[in-house]
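Hi there,

Here is the structure I promised to pass on. Have a look at it first, and then read my notes below.

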Amino acid sequence: MKYQLPPGVFDIIPEDAREPWRSSYIWLYLEDLLRTVAQQYGYLEIRTPVIERTELFQRSVGESSDIVSKEMYTFEDRGGRSLSLRPEGTAAVMRAFVNGNLQQLGPVHKLYYIGPMFRYDRPQAGRYRQHHQFGAEAVGCHSPEQDAEIIDMAYTIYSRLGLKNLSVQLNTIGDDATRVAFRDALRAHLQPHFEQLSDDSKTRLETNPLRILDSKDPRDKELCADAPSILDFLTDESRDYFAEVCRLLDSLKIAYTIDSNLVRGLDYYNQTVFEVVSNDLGAQSSIGGGGRYDGLLKSLGGPDLPAVGFATGMERIIQTMLKQEAPLPPAPGPTLFLIPLGDAARHRCFTLLGALRQEGLNVQMDFTGRKLGKVMNHANQLRARYVAVVGDSELDTETVELKDMESGKKQPVRFDALADVLNQN
Ligand code: HAM
């Protein structure tokens, strides 16, 4: 019996010809690049469990957000606790910060994570029930440079991967005073059209009107198109802060568009919010997003430290890379594939295999003893760079004919010189 995967989840397999974005060698390449960039920007890795108490996300991401109200995988464990698979990383990282008393380690904390997130949404291209995020969170610094650094880091990741055609959308949702004033104005704008709002937004008009700006429902979108702009409600401090973030991005030559309706789908944000959109992704076009969330740590029982961060969807990055034909890593293959003929050759090749691996080379050997033609085909499938057939005469002379599988050329190489020759290639 063959078991089907549940909808919206997928395997990452060594190589997938039909859906190349699921090939693990591309994921490894991406993860390496993400870790390198994180390290260059001074971020250290943090790993948190995939299950957390449900209240954590209710308190932070917000009960009225789509993520919490509709998309969480929530269950009761055998001890009667309500647990949820994490739908995002920020809340979990802040929970770990509080539990681990990380504030004792210094004034500023830069943390990154890579891992699966779970959202029960309708699966479609670019939207999965298990997806993977790289995220970075900077805690302890309320300064426009820190916001700009986060946006710059996202931008650097995408440009190092060779992605094009991306746009950065930027906004500020100001401080508490800004949002109190803006909420009233937004309510006043939408109230006369109450009956035209979607059912969710009817409720949100009372509980959390800013959420309506993030609604995907066409009726809500239309009503929000001429809504008041939050930028007209900024306090002096919020206005200056945002102007400085913009100036810093200009100085880094990062192009952005200000979108005053951008509020993001999670409730913990204040001040700067941003989203990076790939124009080659179709409907699920947001490749990454983030913003400042100064009150979150305190609301989770931690110290009153400001924070800003972002996360990017790894499936969407890889799909954009493939769509745009961005440079991909070479598909992996052994440098040398050894084919022994006969028992004596098998023994000699097995020792040679061990010695060459000790030199750090990727070498493989045929253990099956099948016909030469079949084994050659296998070496080809593996994309071996060189192949060497070892029989009695090779054993006598301690020399192999090293066959270059691309050019077909052969060169004699002594066993004891193989490591040097292969390492030069
Ligand atoms: P988010 O915008 O909800 O933000 O998710 C971040 C990214 O994850 C999205 O831009 C998208 O690329 C990807 N993503 C989200 N849902 C899916 C899905 N169902 N399938 C595929 N990809 C998806 C957050 O999660 C915040 N925690 C970001 C943050 C970090 N803000 C501050 N720090």
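Let's begin with a puzzle: which residues point one way from β12, and which point the other way? L336, L338 and P340 go to one side, while F337 and I339 go to the other, and all of them are buried. That fits the picture for the strand as a whole: β12 covers residues 336-340, and five of its five residues are buried. Its partner is β13 (residues 363-365), and the two strands run parallel, with three bridges between them. If you want a place to start looking, find L336, which sits opposite V363 in β13.

Before going on, please keep in mind that this is a predicted model.

**The chain as a whole**

The protein chain has 425 residues, and 49% of them are buried. It contains 15 helices and 16 strands. Measured out along the principal axes, the C-alpha trace spans about 90 × 55 × 45 Å. The accessible surface adds up to about 20,800 Å², and carbon and sulfur atoms own 50% of that. Now for the contacts whose partners have a separation of 6 or more: 67% of these are between residues 24 or more positions apart.

**The eight-stranded sheet**

A bit of background helps here: strands of a sheet pair through backbone hydrogen bonds, and they can do this in a parallel or an antiparallel way. One open sheet in the chain has eight strands, in the order β1-β5-β6-β11-β10-β9-β7-β8, and its pairing is mixed. At the edges you'll find β1 (44-45) and β8 (256-258), each of which pairs on one side only. Further in, β10 and β11 are antiparallel partners, joined over five bridges. One pair to click on is G291, which stands opposite G309 in β11.

**Around the ligand**

Strands from that part of the chain turn up again here. Which elements give two or more residues to the shell around the ligand? They are β6 (130-139), β10 (286-292) and β11 (307-313). The largest share is from β10, with six residues. In total, 25 residues surround the ligand, and the ones that come nearest are E88, T90, E137, Y269 and S286.

Some polar atoms are worth zooming in on:

- Y269 has a polar side-chain atom 2.7 Å from a nitrogen atom of the ligand.
- R119 places a polar side-chain atom 2.9 Å from an oxygen atom of the ligand.
- H131 has a side-chain N or O atom 3.4 Å from a nitrogen atom of the ligand.

How much of the ligand's accessible area does the protein cover? On its own the ligand has 650 Å², and the protein covers 95% of that.

**The three-stranded sheet**

There's also an open sheet of three strands, ordered β2-β4-β3, and here the pairing is antiparallel. β2 (51-53) and β3 (74-76) are the edge strands and have a single partner each, so one side of each has no neighbour in the sheet. On average, neighbouring strands are turned by 35° against each other, if you ignore direction. Helix α2 (residues 54-62) packs on this sheet and touches β2, β3 and β4, and its direction makes about 75° with that of β2. Three bridges connect β2 with β4 (residues 82-85), and you can see E52 standing opposite S84 in β4.

**Two single residues to compare**

Is S238 buried or exposed? S238 is part of helix α9 (residues 236-251). Its relative accessible area is 0%, and the cut-off for buried is under 20%, so S238 counts as buried. Leaving out neighbours within four places in sequence, S238 is in contact with G174, D175, T178 and Q271. With Q271 there is also a polar contact of 3.4 Å between the two side chains.

Now try G100, which lies in the loop between α4 (90-99) and β5 (109-118). G100 has a relative accessible area of 42%, so this residue is partly exposed. The C-alpha atoms of G100 and S299 are 16 Å from each other, with these positions 199 residues apart along the chain.

That's my tour. Enjoy exploring!

Cheers

How values were computed. Residues numbered from 1 in each chain as written. Predicted model: local features only at pLDDT ≥ 70, side-chain atom pairs only at ≥ 80, totals over all residues. Heavy atoms only, no water. Pairing = 2+ DSSP bridges. Helix = DSSP H or I, 4+ residues; strand = E, 2+ residues; numbered from the N terminus. Axes fitted to C-alpha atoms, helices over the stretch in contact; angles between N-to-C directions. Contact = heavy atoms within 4.5 Å. Buried < 20%, exposed > 50% of the residue type's maximum accessible area, 1.4 Å probe, protein only. Near = heavy atom within 4 Å. Polar contact = N/O pair within 3.5 Å; in protein donor to acceptor, adjacent residues only side chain to side chain. Areas by Shrake-Rupley, 256 points an atom, 1.4 Å probe, with all protein chains shown as cover.
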